[in-house]
Amino acid sequence: MTLADHIVATLKASGVSRIYGLPGDSLNGLTDALRRDGGITWQHVRHEEAAAFAAAGEAAVTGELAVCAASCGPGNLHLINGLFDAQRSGVPVLAIAAHIPRAEIGTGFFQETHPQELFRECSVYSEMVSVPEQLPGVLRIAMRAAVERRGVAVIVVPGEVFGATVPAEVTPVRPARSVHRPAEADLAAAAELLNGAERVTILAGAGCEGAHGELTAVAGRLQAPIVHALRGKEFVEYDNPYDVGMTGLLGFPSGYRAMEHCDVLLMLGTDFPYRPFYPAHAKVVQVDVRGERVGRRVPVDVPG
């Protein structure tokens, strides 16, 4: 089994059914392994940028790890826009970036770039495989980082490494099923603030996926209008008598006024970016599974 065969077997065991990409010489080891195996579809595109956007779209729709691949130099550089899209949408994508031969790195070789540095800003993990023995571990770490941190992971693989043979066990990578909730003290503080409010508005985003019933139940108890962020539209707006539309540069007056006149804003699963559209004097409760986002756009009185 070559390391390219190992990549294919690991992806297949982890539930990946297709790879988006454009063939290229430094990627031949991987595409040939896909041909021999026949269990993962090579989804051919006409431009690498489309491969990354397609992977981001698949990950957004399914919630599962999606994969794209590109050859060295300008091939994998073209992935950048789609990978930034995946990063900003918070969806799990693995990018396999083929590289020039290891012996030529640092020599100004034809099509030499440093993709592990290029992709670092848009990824939760970006590393180059320097020796073949690294690849199985780096692959598992990258896949785990992508699915657990809901982001982009990039592995940079010199072309000849795909053909190397290193004994390695195939280990499926599946997301851990963790349950996240605010601490008791934060829940009590949020409840006290909401119970004492006269005009509560809810700002709901994509983090409300799968919680439509709970969201509308809270709105009903608080008699609160729900303003949905753009990415929360598909999870929040339907069958929702409390929905008053969006706010922001793409929003409606109804959504804007609902936030403007509230005395408490309850933010649920959203990183709504437009600071001028937040209420000027309201108290804010923000609940997000990614704690680093809490208070990023507006001062928060109760984090959750």
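Buried here means under 20% relative accessible area, exposed over 50%, and partly exposed in between, with a 1.4 Å probe and protein chains only. The model is predicted, so local features need pLDDT of at least 70 and side-chain atom pairs count only at pLDDT 80 or more, while totals for chains, interfaces and linings use all residues. Residues are numbered from 1 along each chain as its sequence is written, and side-chain values use heavy atoms, leaving out hydrogens and water.

**Stop 1: Gln116**

Select Gln116 in helix α6 (residues 115–118); helices (H or I, at least four residues) and strands (E, at least two) are DSSP runs, numbered from the N terminus. Is Gln116 buried or exposed? Gln116 counts as buried because its relative accessibility is 12%. Next, display Ser126, Glu127, Met128 and Val156, which Gln116 touches when residues up to four places away in sequence are not counted. Contact means heavy atoms within 4.5 Å.

**Stop 2: the six-stranded sheet**

Now colour the open sheet of six strands, whose order is β2-β1-β3-β4-β6-β5 with parallel pairing. Two strands pair if DSSP finds at least two bridges between them. At the edges lie β2 (41–44) and β5 (125–128), each pairing on one side only. From one strand to the next, the twist averages 20 degrees. Axes are lines fitted to C-alpha atoms, for helices over the stretch in contact, and angles run from 0 to 180 degrees between N-to-C directions.

Within this sheet, select strand β1 (residues 18–21), which runs parallel to β3 and is joined to it by three bridges. Tyr20 has Cys68 of β3 as its bridge partner. Then add helix α3 (residues 48–62), which lies across β1, β3 and β4 and runs at about 170 degrees to β3. Helix α7 also packs on the sheet, where it touches β4, β5 and β6, and its direction makes about 160 degrees with that of β6.

**Stop 3: the nonpolar cores**

A nonpolar core is a set of buried Ala, Val, Leu, Ile, Met, Phe, Trp, Tyr and Cys residues joined through side-chain atoms within 4.5 Å. The largest one has 36 residues, and Ile7, Leu11, Leu30, Leu94, Ile96 and Phe162 have the most contacts inside it. At least two residues of this core come from each of α1 (3–13), α2 (28–37), β3 (66–70), β4 (93–99), α7 (135–149) and β6 (152–158). Which element gives the most to this core? Helix α7 does, with eight residues.

Centre the view on Ile7, which is in contact with Leu30, Ile96, Leu135, Leu139 and Phe162, leaving aside its neighbours within four places in sequence. Another core, of 25 residues, lies apart from the largest one and has Val45, Val93, Ala95 and Ala97 among its members.

**Stop 4: strands β7, β9 and β10**

Move to strand β7 (residues 200–204). Five of the five residues of β7 are buried, so the strand is largely enclosed by the rest of the structure. On one side are Val200, Ile202 and Ala204, on the other Thr201 and Leu203, and all are buried.

Add strand β9 (residues 264–268), which is mostly covered, with five of its five residues buried. Val264, Leu266 and Leu268 point one way from β9, and Leu265 and Met267 the other way. Strands β7 and β9 pair in the parallel sense over five bridges. Val200 stands opposite Val264, and Thr201 stands opposite Leu265. Strand β10 (residues 283–287) also pairs with β9 in the parallel sense over five bridges, and Gln286 in β10 stands opposite Met267.

**Stop 5: the crossover through α9**

Select strand β8 (residues 226–228), which pairs with β7 in the parallel sense over three bridges. In β8, Ile226 is the bridge partner of Ile202. The chain passes from β7 through helix α9 (residues 212–222) to β8 in a right-handed β-α-β crossover. Right-handed means that, with the strands pointing away from the viewer, the path from the first strand over the helix to the second runs clockwise.

Which residues of α9 are buried? They are His212, Leu215, Thr216 and Ala219. Seen down the axis of α9, these buried residues fall within an arc of 90 degrees, so they line one face of the helix; the arc is that of the directions from the helix axis to the C-beta atoms. The buried residues of α9 pack against β7, β8, α10 (233–236) and β9. On the face turned away from the buried side, display the exposed residues Glu214 and Arg221. End at Gln223, just after α9, which takes a positive phi of about 50 degrees.
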